[in-house]
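Me: Could you walk me through one part of this model up close? I'm new to this, so please take it slowly and tell me how each piece connects to the next.

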Amino acid sequence: MPTNKHKRKASAHATPRTAKNAKSPGLITLHPKVFMTVGLFFVALGIYIMAFESQSNAMFGIAMLSLVAGTATTIYANFTVPKPK
């Protein structure tokens, strides 16, 4: 058995921390303020349809879909806005 056997440290193969925090190059992550505006537009459109145009079940369903899609888009775009340090 050789006496000069070299053992590697476990930290030598650690992944860099910058790769874990990198954003994926998606459309919403590239333009978050535009999608926040689009999401707020969908929310306003859903409230308008629900208040004035929802005499039928179909219009009520469109209003609810618009509210849900606008809220989800706005929240996701808000998470991707770069925070000042």
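Reply: Let's start with a word we'll need: a helix here is a DSSP run of H or I at least four residues long, and helices are numbered from the N terminus. Keep in mind that this is a predicted model. Its chain has 4 helices and 0 strands, and from the N terminus on the elements run α-α-α-α. I'll take α4 as our part, and α3 will come along as its partner.

Helix α4 covers residues 57–80, and Ser-66 has its place there. The helix has 24 residues and reaches 35 Å from its first C-alpha to its last, close to the 34 Å expected at 1.5 Å a residue.

Now, which residues of α4 are buried? They are Ala-63, Ser-66, Leu-67, Gly-70, Thr-74, Ala-77 and Thr-80. For the chain as a whole, buried residues make up 18% of the 85 residues. And what do the buried residues of α4 pack against? They pack against α2 (27–30) and α3.

Let's go along α4 one residue at a time, starting with Ser-66. It counts as buried because its relative accessible area is 8%, and the cut-off for buried is under 20%. If you skip its neighbours within four places in sequence, Ser-66 is in contact with Phe-42, Val-43, Leu-45 and Gly-46. One of those, Leu-45, sits in helix α3, which covers residues 32–53.

Next up is Thr-74, also in helix α4. At 14% relative accessibility, it is buried too. Leaving out residues up to four places away in sequence, Thr-74 touches Met-36, Gly-39 and Leu-40. You can also check its distance to Phe-42: the two are 32 residues apart in sequence and 9.4 Å apart in space, C-alpha to C-alpha.

Then look at Ala-77, which is on the list of buried residues of α4. Its C-alpha is 6.1 Å from the C-alpha of Phe-35, although the two residues are 42 apart along the chain. Phe-35 itself belongs to helix α3. Apart from neighbours within four places in sequence, Phe-35 is in contact with Leu-27, Ile-28, Thr-73 and Ala-77.

Thr-80 comes next, again in helix α4, and it is buried with a relative accessible area of 8%. Its C-alpha and that of Leu-30 are separated by 8.6 Å, with their positions 50 residues apart along the chain. Pairs like these fit a chain-wide figure: of the contacts with a separation of 6 or more, 60% are between residues 24 or more positions apart.

Now turn to the partner, α3. With 22 residues at 1.5 Å each, it should span 32 Å, and its end C-alpha atoms are 30 Å apart, which agrees. Its buried residues are Pro-32, Phe-35, Gly-39, Val-43, Gly-46 and Ile-49. They cover an arc of only 130° around the axis, so they lie on the same side of α3. Here's a handy rule: an α-helix has 3.6 residues a turn, so residues three or four places apart point the same way. What covers the buried residues of α3 includes α2 and α4, so we're back at the helix we started from.

What about the other side of α3, is it buried or exposed? There, Lys-33, Val-34, Thr-37, Phe-41, Ala-51 and Phe-52 are exposed. Val-34, Phe-41 and Phe-52 also belong to a nonpolar patch on the surface, together with Val-38, Phe-42, Leu-45 and Tyr-48. The patch has about 650 Å² of accessible area in total. Across the whole chain, about 7400 Å² is exposed, with carbon and sulfur atoms supplying 67% of it.

Let's finish with Leu-45, which ties things together. It touches Ser-66 of our helix, yet it is also part of that surface patch. How can it do both? At 31% relative accessible area, Leu-45 is partly exposed, so it falls between the cut-offs of 20% for buried and 50% for exposed.

Technical notes: Residues numbered from 1 in each chain as written. Predicted model: local features only at pLDDT ≥ 70, side-chain atom pairs only at ≥ 80, totals over all residues. Heavy atoms only, no water. Patch = residues over 30% accessible without salt bridge, like charges linked within 9 Å, V, L, I, M, F, W, Y side chains within 5 Å. Areas by Shrake-Rupley, 256 points an atom, 1.4 Å probe, with all protein chains shown as cover. Salt bridge = Lys/Arg side-chain N within 4 Å of Asp/Glu carboxyl O. Helix = DSSP H or I, 4+ residues; strand = E, 2+ residues; numbered from the N terminus. Buried < 20%, exposed > 50% of the residue type's maximum accessible area, 1.4 Å probe, protein only. Contact = heavy atoms within 4.5 Å. Expected span 1.5 Å × (residues − 1). Arc of directions from axis to C-beta.
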